[in-house]
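Here's a walk through one protein model, written for someone who likes to know the cut-offs behind the words. Have the viewer open while you read.

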Amino acid sequence: MSVPRLAVFFLLGTVVLTTGLVGCSGTNEVTGGSSQVRVLLTDAPSDSIESANVTISRVYLTSDAGPHVDVMPAGDPSVTYDLLDLRNGVEALLADRVVPAGTYGQLRLVVESADVTLVPGLTFEDGTNFRSLKVPSGMQSGIKVQLATPIDADPGEITIVVVDFDVNQNFVLQGATGTTVNDVLFTPLLQEKRRDGLAMP
């Protein structure tokens with residue numbers, strides 16, 4: 001499913017997706033009750049890239065005390081975002097799901113594919129300005145989001161994590177000379193930009 005340009009969620013007062021508990025038979029550091037985790041994407045401007053599309057097929061949490069917990073299960077339809085639509089404070093809803101209450105040390109995004117289009121005036125050596133990128137083989141386990149602290153998904157609360165998918169950090173131009181670019185290297189590096197909490201309805 002492709003997300004149309006600018007068809008993004010401007011923020012928190014959106015409809016809560018009341019999905020069921022994800023398959024998870026283990027316990028976490030906080031036991032009992034349900035919590036909810038909502039993941040948003042944002043980006044910063046780029047001087048060299050006009051569009052940067054990423055297709056994400058899974059979002060999940062990990063804990064030392066139990067199995068992985070999906071926030072966007074692998075069986076759900078993949079979603080595609082043009083990261084350059086998410087500039088200047090725009091944030092897009094990526095995943096929203098009820099999960100077992102607990103403390104989760106990692107948040108990971110599985111990227112299925114990625115492509116870029118260079119800004120007008122820049123081209124690759126073959127004269128084109130579009131390129132599908134090689135996604136590192138390690139992406140089967142997902143890109144680890146650098147969290148400020150572990151995610152405490154407390155019972156009865158919604159934890160909102162805003163993930164910065166910075167184009168300039170994740171798509172690195174190689175061998176740029178004048179208006180010609182040799183290649184673009186996809187170097188996944190995701191960081192938590194902000195975290196908010198709300199009471200579940």
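What follows goes from the overall picture to the strands, the cores and a few single residues.

## Ground rules and confidence

This is a predicted model, so local features need pLDDT of at least 70 and side-chain atom pairs count only at pLDDT 80 or more, while totals for chains, interfaces and linings use all residues. Residues are numbered from 1 along each chain as its sequence is written, and side-chain values use heavy atoms, with hydrogens and water left out.

pLDDT is the predictor's confidence in each residue, on a scale from 0 to 100. The protein has a mean of 84, and 83% of its residues reach 70 or more. Residues 1–30 are another story: pLDDT stays under 50 there, although the model has 71 contacts beyond four places in sequence for that stretch. (Contact means heavy atoms within 4.5 Å.) Where pLDDT is low, the predicted coordinates should not be read in detail.

## The overall picture

The protein has one helix and 16 strands. Both come from DSSP runs numbered from the N terminus, with H or I over at least four residues for helices and E over at least two for strands. Of the contacts with a separation of 6 or more, 80% are between residues 24 or more positions apart.

Of the 201 residues, 47% are buried. Buried means under 20% relative accessible area, exposed means over 50%, and partly exposed is in between, using a 1.4 Å probe and protein chains only. The accessible surface comes to about 9200 Å², and carbon and sulfur atoms own 52% of that. Those areas come from the Shrake-Rupley method with a 1.4 Å probe, and for residues only the protein chains shown count as cover.

## How the strands pair up

Two strands pair if DSSP finds at least two bridges between them. Strand β2 (residues 49–63) is paired with β4 in the antiparallel sense over four bridges, and Ile56 has Val79 in β4 as its bridge partner. β2 also runs antiparallel to strand β3 (residues 66–72), again with four bridges. Here Tyr60 is matched with Asp70 in β3, and a hairpin of two residues links β2 to β3.

Which way do the β4 side chains point? Val79 and Tyr81 go one way, Thr80 and Asp82 go the other, and all are buried.

β1 and β5 are antiparallel too, over eight bridges, with Leu40 standing opposite Leu93 in β5. Nine of the nine residues of β5 are buried, so β5 is largely enclosed by the rest of the structure.

## The nonpolar cores

In soluble globular proteins, nonpolar side chains tend to be buried together. A nonpolar core here is a set of buried Ala, Val, Leu, Ile, Met, Phe, Trp, Tyr and Cys residues joined through side-chain atoms within 4.5 Å. The largest one has 49 residues, and Ile56, Val59, Leu94, Leu107, Phe165 and Phe171 have the most contacts inside it. A second, separate core has five residues, including Leu40, Leu93, Ile160 and Val162.

Val59 is a handy residue to click on. Beyond its neighbours within four places in sequence, Val59 is in contact with Val39, Asp70, Val71, Met72, Leu94, Ala95, Leu107, Arg108 and Leu109.

## Polar pairs

Gln36 sits in strand β1 (residues 34–42) and counts as buried at 2% relative accessibility. What does the Gln36 side chain pair with? The side chain of Asp96, through a polar contact of 2.7 Å. Such a contact is a pair of N or O atoms within 3.5 Å; within protein, one must be able to donate a hydrogen and the other to accept it, and residues adjacent in sequence count only if both atoms are side-chain atoms.

Glu192, in strand β16 (residues 190–199), is also buried, at 16% relative accessibility. The Glu192 and Arg195 side chains make a polar contact of 2.7 Å. Leaving out residues within four places in sequence, Glu192 touches Val145, Gln146, Leu147, Ala148, Thr149, Val161 and Val162.

## Two residues with some exposure

Asn88 falls in the loop between β4 (79–82) and β5 (92–100). Asn88 is exposed, with a relative accessible area of 72%, and has a positive phi of about 55° although it is not a glycine.

Val172, in strand β13 (residues 171–174), is partly exposed at 29%. Past four places in sequence, Val172 touches Asp183, Val184, Leu185 and Thr187. The C-alpha atoms of Val172 and Asp183 are 8.4 Å apart, with the two positions 11 residues apart along the chain.
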